[in-house]
Amino acid sequence: MEYSNIRALLEKYWACETTEEDEAALRIFYATHEDALPADLQEAAPLFQYFHTAEAELPEIEIRGPWEEEETKIIRPFWQGWMKYAAILLVALGIGHSVYNFQQKNKPEETGMVFRDTFDDPKIAYEETQKALAIISKNLNKGKTQMEKLSYFNNATDLIQGNNN
């Protein structure tokens with residue numbers, strides 16, 4: 001390549017107007033040229049020789065965008081495929097069990113124990129009721145005697161408060 005062409009490419013390079021092909025031509029020129037260069041061309045020689053050696057040393061980097069991303073195959077354990085069906089089955093069984101329990105709870109008693117009399121003879125039933133009421137009365141009277149002790153205490157506190165007023 002002639003020196004005049006190299007000078008023109010260098011002027012374009014320093015003005016930032018070169019293309020990649022122009023810069024590659026400059027790198028190749030300075031890498032292959034072993035003869036003595038004129039002074040104006042020697043000042044750029046180390047720069048382009050470095051670019052040439054650095055280009056050879058650097059590995060090629062492939063840049064991909066997110067749109068070029070390869071699809072990776074995800075390998076899942078064998079049981080994850082049917083887990084969703086098992087979950088649906090469990091939910092359905094839970095709902096079915098709840099509905100069954102609700103129906104059993106609201107179903108009237110078939111045995112009739114709730115509405116059936118315990119005594120066939122009304123006189124025996126009356127006597128048993130009298131016994132039950134007597135037991136209740138006895139226990140209430142025990143409570144009444146304890147309450148009388150509290151009334152003495154209340155009377156005493158009323159007297160003390162009345163004297164202080």
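This passage describes the nonpolar core, the aromatic pairs and a surface patch of a predicted model.

The largest nonpolar core has 12 residues. Its members are I6, L9, L10, Y13, L26, F29, Y30, L37, L41, A44, A45 and F48. Three helices, α1, α2 (20-32) and α4, each supply at least two residues of this core. The largest share comes from α1, with 4 residues. In soluble globular proteins, nonpolar side chains tend to be buried together.

Two core members illustrate the packing. L10 is in contact with L26, Y30, L41, A44 and F48, leaving aside neighbours within four places in sequence. These five partners of L10 also appear in the list of core residues.

Y13 is the second example. Y13 lies in helix α1, which covers residues 3-14. The relative accessible area of Y13 is 17%, so Y13 is buried; the cut-off for this class is under 20%. Residues up to four places away in sequence aside, Y13 touches T18, E23, L26, L47, F48 and F51. Among these contacts, L26 and F48 are listed as members of the core. E23 is another contact of Y13. Y13 and E23 are 10 residues apart in sequence, and their C-alpha atoms are 7.5 Å apart in space.

The structure holds 2 aromatic pairs. One of them joins Y13 and W14, with ring centres 5.2 Å apart. The planes of Y13 and W14 stand at 70 degrees, so this pair is edge-to-face. F29 and Y30 form another pair, again with ring centres 5.2 Å apart. Their planes meet at 75 degrees, and the F29 and Y30 pair is therefore edge-to-face. Angles over 60 degrees place a pair in this class. Both F29 and Y30 are buried, and both belong to the largest nonpolar core.

Nonpolar side chains also occur on the surface. F78, W79, W82, M83, Y85 and I88 form a nonpolar patch there. Together these residues have about 740 Å² of accessible area. W79, one of the patch residues, lies in the loop between α4 (45-57) and α5 (83-106). The relative accessibility of W79 is 36%, so W79 counts as partly exposed. Y13, by contrast, is buried at 17%.

Definitions and conventions:
Residues are numbered from 1 along each chain as its sequence is written. This is a predicted model: local features need pLDDT of at least 70, side-chain atom pairs count only at pLDDT 80 or more; totals for chains, interfaces and linings use all residues. Side-chain values use heavy atoms; hydrogens and water are left out. Patches are made of residues with over 30% relative accessible area and no salt bridge: like charges are joined within 9 Å, nonpolar side chains (Val, Leu, Ile, Met, Phe, Trp, Tyr) within 5 Å. Accessible areas come from the Shrake-Rupley method with a 1.4 Å probe; for residues, only the protein chains shown count as cover. A salt bridge is a side-chain nitrogen of Lys or Arg within 4 Å of a carboxyl oxygen of Asp or Glu. Buried means under 20% relative accessible area, exposed over 50%, partly exposed in between (1.4 Å probe, protein chains only). Contact means heavy atoms within 4.5 Å. Rings of Phe, Tyr and Trp (its six-membered ring) pair if their centres lie within 6.5 Å; planes under 30 degrees apart count as stacked, over 60 as edge-to-face and the rest as tilted. A nonpolar core is a set of buried Ala, Val, Leu, Ile, Met, Phe, Trp, Tyr and Cys residues joined through side-chain atoms within 4.5 Å.
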